[in-house]
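Subject: Structure handover

Hello,

Here is the structure for you to look over. Please open it alongside this message.

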Amino acid sequence: ENITLTETIPSDSVDQVKQISEYSIAVYSFLSPEEAGNAAADLQEDGLDADVLESLVDGTTYYRVVIGRYETWSQAIEAAENLPEPFNNDFFIVKPQ
């Protein structure tokens, strides 16, 4: 006899899972959360969908200013290439872990 258990996942958890699976365009990386927040705010004022991601690399915490959320790496690359100067030439793609 097979028994299947189902669990209801709250919608905010589903959004969280989706967010983790998305790619973003990193345009700045700071050691200071304040600097990252200020840079993200400036980009938001310019109409860009900017946010700050915290990233731990070799024991050091970096605060990355990222733009957009894309389902695939190639969509993120295409969007990055269409950003205004200097971002369209100086970026890297991140996928939050």
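Below is what turned up, from the overall layout down to single side chains.

**Layout**

Bear in mind that this is a predicted model. The protein chain has three helices and four strands. Read from the N terminus, the order is α-β-α-β-β-α-β. The chain counts 97 residues, and 31% of them are buried. It exposes about 7,000 Å². Carbon and sulfur atoms supply 47% of that area. Contacts reach across the sequence too. Take those between residues at least 6 apart: 62% of them join residues at least 24 apart.

**Salt bridges**

How many salt bridges does the structure hold? There are two.

In one of them, Arg-69 pairs with Asp-49. The closest N and O atoms are 2.9 Å apart. This pair links distant parts of the chain. Arg-69 sits in strand β3, residues 60-70. Asp-49 sits in the loop between α2 (33-45) and β2 (50-57). The two residues are 20 apart in sequence.

Arg-69 also meets Asp-51 in a salt bridge, at 3.4 Å from N to O. Here the link runs from strand β2, which holds Asp-51, to strand β3, which holds Arg-69. The separation is 18 residues.

Together, Asp-49, Asp-51 and Arg-69 are linked in a network of salt bridges. As background, side chains of opposite charge can pair when their charged atoms come close.

Are these three side chains buried, exposed or partly exposed? Arg-69 has 36% relative accessibility, so it counts as partly exposed. Asp-49 is at 42%, and is therefore partly exposed. Asp-51, at 33%, also counts as partly exposed. The cut-offs behind this are under 20% for buried and over 50% for exposed.

**Aromatic pairs**

A search of the whole structure finds two aromatic pairs.

Tyr-28 and Phe-30 make one of them. Their ring centres are 5.7 Å apart. Their planes stand at 40°, so the pair is tilted. Tyr-28 is partly exposed, with a relative accessible area of 32%. Phe-30 is buried, at 18%.

Tyr-28 pairs with Phe-87 as well. The centres are 5.8 Å apart, with 85° between the planes. That pair is edge-to-face. Which parts of the chain does it tie together? Tyr-28 lies in strand β1 (residues 23-30), and Phe-87 in the loop between α3 (73-81) and β4 (92-94). The pair therefore joins parts that are 59 residues apart in sequence. Phe-87 is buried, with a relative accessible area of 10%.

Tyr-28, Phe-30 and Phe-87 form one aromatic cluster.

**Where to look**

Two spots to pull up on screen: the salt-bridge network of Asp-49, Asp-51 and Arg-69, and the aromatic cluster of Tyr-28, Phe-30 and Phe-87.

Best wishes

Terms used
Residues numbered from 1 in each chain as written. Predicted model: local features only at pLDDT ≥ 70, side-chain atom pairs only at ≥ 80, totals over all residues. Heavy atoms only, no water. Salt bridge = Lys/Arg side-chain N within 4 Å of Asp/Glu carboxyl O. Buried < 20%, exposed > 50% of the residue type's maximum accessible area, 1.4 Å probe, protein only. Phe/Tyr/Trp six-rings, centres within 6.5 Å; stacked < 30°, edge-to-face > 60°. Contact = heavy atoms within 4.5 Å. Areas by Shrake-Rupley, 256 points an atom, 1.4 Å probe, with all protein chains shown as cover.
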